[in-house]
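This report is meant for a reader who is meeting the structure for the first time. Please keep the view at hand while reading, and follow the strands and helices by their numbers.

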Amino acid sequence: MSHSEMQNFKTTELKNLKKLRAISIGFLLLVNFAIVGFFVYFFYDVYRSRDLKENFVAYIFPTVASIQLVLAIGFVPLILIILKRFSRVLKEIEDLNEEFTIHYQRYTNFIYKVFSVIPLYLISQKGLLIFRNFKTELLLPNSIKYIKIKNIKMGRFRRSLIDIYQNDGSKSRITYYTTYPREAEFFHDNIHLINDNVRVENQFN
């Protein structure tokens, strides 16, 4: 891959992730206003049927304000999580050097996603980055002792757990809610890029 092709890929990927962020937040706002709109319509129907003389806005405002407050308690934290998580992922992708930008492109091709998605982990020149809702874990190169990928299938319930044991005895986990996704397979095949001779074990239950 030439330097210009690599830059074009990174620019396109960042642009697509920013679009996904806008769509995600827009969807939550749409759901919020749809719920509020439903209640406004419902109260307007009641208002007309009772032939009330009170101003309609004054009639519905206390109730609609209370509903919006309840919705805000649910939606605002979700929007903040989306903003924070996307901002961290975008920054780390932007910081990838040429070698790891190529590896990230291989990752995006390998997982067979039609649209860009934010990764749960990123293998970079800094080490292994694991993206949580409120923080990012950084496991430094060659700090991983052992990795166990455990695949659980119990009826309709399916999970893939990537347990990462570090040299200092600490443990991190990446969870996918499907049995052995391609992200886990890519992790298995490419973690050696930042961690020489790491032992990786697959378990299927």
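Strands S4 and S7 run parallel to each other and are joined by six bridges, and within this pairing Lys 150 has Gln 203 of S7 as its bridge partner. The model in which these strands are seen is a predicted one. The pair belongs to an open sheet of four strands, whose order is S6-S5-S4-S7 and whose pairing is mixed. S6 and strand S7 (199-204) each have a single partner strand and stand at the edges, so one side of each lacks a neighbour in the sheet. On average, and with direction ignored, neighbouring strands of this sheet are turned by 15 degrees against each other.

At the other end of that order, strand S5 (residues 157-166) and S6 run antiparallel and are joined by six bridges. Leu 161 has Thr 175 as its bridge partner in S6. The two strands form a hairpin with four residues between them, and Gly 169, which lies in the turn, has a positive phi of about 95 degrees. Strand S6 (residues 171-176) has two unlike faces: Ser 172, Ile 174 and Tyr 176 make up the covered one, while Lys 171, Arg 173 and Thr 175 make up the uncovered one. Strands of a sheet pair through backbone hydrogen bonds, whether parallel or antiparallel.

What surrounds Gln 166, apart from its neighbours within four places in sequence? This residue of strand S5 is in contact with Leu 139, Ser 143, Ile 144, Lys 145 and Ser 172. Gln 166 has a relative accessible area of 14% and is buried, because the cut-off for buried is under 20%.

Two residues in loops deserve a separate look for their backbone angles. Most residues other than glycine have a negative phi. Asn 142, however, has a positive phi near 60 degrees without being a glycine, and Tyr 180, likewise not a glycine, has a positive phi of about 40 degrees. The table sets the two side by side.

| Residue | Loop | Phi | Relative accessible area |
|---|---|---|---|
| Asn 142 | between S3 (136-139) and S4 (144-154) | near 60 degrees | 42%, partly exposed |
| Tyr 180 | between S6 and H4 | about 40 degrees | 22%, partly exposed |

Beyond the loop that holds Tyr 180 comes helix H4. In H4, the residues Glu 183, Ala 184, Phe 186, Phe 187 and Asn 190 are buried. Seen down the axis of H4, these buried residues fall within an arc of 160 degrees, so they line one face of the helix. An α-helix has 3.6 residues a turn, so residues three or four places apart point the same way. The partners against which the buried residues of H4 pack are H3, strand S1 (121-124), strand S2 (127-131), S4, S5 and S6.

Helix H3 (residues 98-110) packs with helix H4 (residues 182-190) at an angle of about 145 degrees, and their axes are 9 Å apart. The crossing in which H3 passes H4 is right-handed. On the side of H3, His 103, Arg 106, Tyr 107 and Phe 110 take part, and they meet Arg 182, Glu 183, Glu 185 and Phe 186 in H4. By kind, the residues of this contact are three nonpolar, one polar and four charged.

Strands S1 and S2, which are among the partners of the buried residues of H4, pair with each other in the antiparallel sense over four bridges. Two residues make the connection in the hairpin that joins S1 to S2, and Ser 124 stands opposite Gly 127 in S2. Are the residues of S1 buried or exposed? Tyr 121 and Ile 123 point one way from S1, and Leu 122 and Ser 124 point the other way, yet all are buried.

A last position lies in helix H1 (residues 3-50), where Asn 32 has its place. With a relative accessibility of 5%, Asn 32 counts as buried. When its neighbours within four places in sequence are left aside, Asn 32 is in contact with Gln 68, Leu 71 and Phe 75.

Definitions and conventions. Residues are numbered from 1 along each chain as its sequence is written. This is a predicted model: local features need pLDDT of at least 70, side-chain atom pairs count only at pLDDT 80 or more; totals for chains, interfaces and linings use all residues. Side-chain values use heavy atoms; hydrogens and water are left out. Axes are lines fitted to C-alpha atoms, for helices over the stretch in contact, and angles run from 0 to 180 degrees between N-to-C directions. A crossing is left-handed if the near helix is turned anticlockwise from the far one by less than a right angle, and right-handed if clockwise. Contact means heavy atoms within 4.5 Å. Ala, Val, Leu, Ile, Met, Phe, Trp, Tyr, Cys and Pro count as nonpolar, Asp, Glu, Lys and Arg as charged, and the others, Gly among them, as polar. Buried means under 20% relative accessible area, exposed over 50%, partly exposed in between (1.4 Å probe, protein chains only). Two strands pair if DSSP finds at least two bridges between them. The arc is that of the directions from the helix axis to the C-beta atoms.
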